[in-house]
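Hello,

Here is the structure I promised to pass on to you. Have a look at it first, and then read on for what turned up in it.

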Amino acid sequence: MITIQNYVCDAWQVGAAPRVSLLNPATEEVLAETSSAGVDFAATLSHAREVGGPALRALGFAGRAELLKNMSAALHEHRERLIDVAMANGGNTRGDAKFDIDGATGTLGYYASLGRKLGNGNALWDGESEQLTRSARFHGRHLWVPRQGVAVHINAFNFPAWGTFEKAAVALLAGMPVVSKPATATCLLAYEMVKILVEAEIMPRGSFQLIAGPARALLQELQAQDVLAFTGSADTGARLRAGPGPVERSVRVNIEADSLNSAVLGPDLEPGDGVYSRALANIVKEMTQKTGQKCTAIRRVFVATGLIDTLQADLSAELAEKCVGNPAEKGVDMGPLTSADQLRDYRTGVAELSRQARIVFGSAERVEVRGAPEGKGYFAGPVLLRADKPEAAPLVHSREVFGPVVTLMPYDGSAARAAELVALGGGSLACSVYSKKRAFLAEILPALAPYHGRVLAIDGKVAELATPHGTVLPQVVHGGPGRAGGGEELGGLRGLRFYMQRCGLQGNRALLEKLLEA
Ligand code: NAP
């Protein structure tokens, strides 16, 4: 059994008892144990601020871009071993594991290529300089500079690789050192990745530290120049936002929480056409990839009344083909949920939803499983529900079941009505819309935009080319308003702003114009 260690103050530290066991969710075999008890959180954060921050900023953007490139390459070299770890501890199929791990190395690589174009300095202009008075000499211009504190990253259990390194890539490029805390249940993968990076000796001292276990006291230590980026449930996010750091010391906080993401099928779709097929494929993928444990996964599908029966039949046929089981076995399409708690919540959630919607495919109580020891594993089958009166089913728009569960709902075919129903989710991370009619898409996109961080429009021209609904790309912002946490990450250079302070400089135009020249 592996004893996971914390990496703090440039040294490995075994946490004190009691330790948490990490399991293989397909077999319930214990793989590892971990604890962060005994770690001096105040010293960890000080080390980042005092040693890591200056070391990173001495590199400038271009040097930090090189660091990200080297991190990506070092991790990629161990890809096969990391996939095995994700399959064992995360219940991932091989495809799920690659999605997480390649997402991590790809995002590091993307920010390396962005950073190379930013030069050797640490500051970025925001907009042009503007004349402030009648004199042409006195100007104002905004400058972004790295914050001088530490970036604390708290992540959810479903993406231990991507979650850790999509955040780290942006913070490190901006010039902030990172203290990363993955969710305890699946932190074996993040631990193995950090071990690779430490052994490769590529990260400056103090620039990256890992807390591998529950760390409720960590956030008590946050100071005014620090930032907290959290990904997880809306409840935890709300609790952390109300903590002493954010409230008393204005610690900047970004929350990526859960959401009831939607797909909207336009009234013009017909079975068999490319756009309809893409919608069908995306819904199935969102239900089964990572066993539906994705913050961006489709939970609600709005489909024009005339098409709902056909879609229900087609989805049921596709889902019936999916094999649930131990990802170590050949032919398994969908692994288990990550933990006993998640399985409990999935069952409770489906029972709650089925008070307001009827189950039309699958069951939360029974599932046929391939290749797991008898009675073991946290397996959940895909469940399709249907609510014919969307507004009479408030739970469908508010209760996130973090698993392979989708509810189908009809609408009258008007873009405005579909957007109104989608908005009942209270703000989401992602929505995908499928139509061959430009007028339908042109009407619905601006109506959906206020309620989303990202909207994917699939017409006949891009049906074959588009990325899947749930795939988060570093070029495009990730986050969403309201229920989704109100946060924003990634989006190319936009993501750096969270880790930087914008300062309005006023003074001599000539001074401002030459300020960033080497
Ligand atoms: P969670 O229970 O809210 O936990 C998230 C993280 O917060 C874990 O690392 C957890 O640590 C930590 N944590 C909890 N309380 C804390 C406290 N008082 N102080 C410091 N850390 C604390 O969420 P989860 O069950 O891991 O993840 C599932 C949820 O995340 C779903 O609702 C999903 O929609 C959401 N999610 C959102 C996104 C997004 O980008 N918007 C992405 C992925 C997942 P321990 O594990 O040690 O308890």
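Of the 518 residues in the protein chain, 58% count as buried. Please keep in mind that this is a predicted model.

Let me start with the overall form. The C-alpha trace spans about 65 × 65 × 40 Å along its principal axes. A compact globule of 518 residues would have a radius of gyration near 24 Å, and the protein chain, at 24 Å, agrees with that. The secondary structure amounts to 13 helices and 22 strands. If you look at contacts between residues at least 6 apart in sequence, 78% of them join residues at least 24 apart.

Next, the surface and the charges. About 20200 Å² of the protein chain is exposed, and carbon and sulfur atoms supply 50% of that area. The chain carries 54 positive and 54 negative side chains, and the centres of these two sets lie 5 Å apart.

You may wonder about the cysteines. How many disulfides does a search of the whole structure find? The search finds zero. Take Cys187, which is in no disulfide: the nearest cysteine sulfur belongs to Cys9 and is 19 Å away. A disulfide needs two cysteine sulfur atoms within 2.5 Å, so a pair that fails this cut-off is not counted. Cys187 is buried, with a relative accessible area of 1%. Cys323 is buried too, with a relative accessible area of 13%. Both labels follow from the cut-off, because buried means under 20% relative accessible area.

Finally, there are a few spots in the backbone that you may like to visit. The peptide bond from Ala17 to Pro18 is cis, and its omega is near 0 degrees. Pro18 sits in the loop between β3 (11-14) and β4 (20-23).

Further along the chain, which loop holds Lys290? Lys290 is in the loop between α8 (274-288) and β14 (298-304). Its phi is near 55 degrees, a positive value in a residue other than glycine. Lys290 also counts as buried, because its relative accessibility is 3%.

Thr291 lies in the loop between α8 and β14 as well. Although Thr291 is not a glycine, its phi is positive, at about 55 degrees. Is Thr291 buried or exposed? With a relative accessibility of 0%, Thr291 counts as buried.

Happy exploring, and best wishes

Conventions: Residues are numbered from 1 along each chain as its sequence is written. This is a predicted model: local features need pLDDT of at least 70, side-chain atom pairs count only at pLDDT 80 or more; totals for chains, interfaces and linings use all residues. Side-chain values use heavy atoms; hydrogens and water are left out. Buried means under 20% relative accessible area, exposed over 50%, partly exposed in between (1.4 Å probe, protein chains only). Helices (H or I, at least four residues) and strands (E, at least two) are DSSP runs, numbered from the N terminus. The radius of gyration is taken over C-alpha atoms; the globule rule is 2.2 Å times the number of residues to the power 0.38. Contact means heavy atoms within 4.5 Å. Accessible areas come from the Shrake-Rupley method with a 1.4 Å probe; for residues, only the protein chains shown count as cover. Lys and Arg count as positive and Asp and Glu as negative; His and the chain ends are not counted. The place of a charge is taken as NZ of Lys, CZ of Arg, CG of Asp or CD of Glu.
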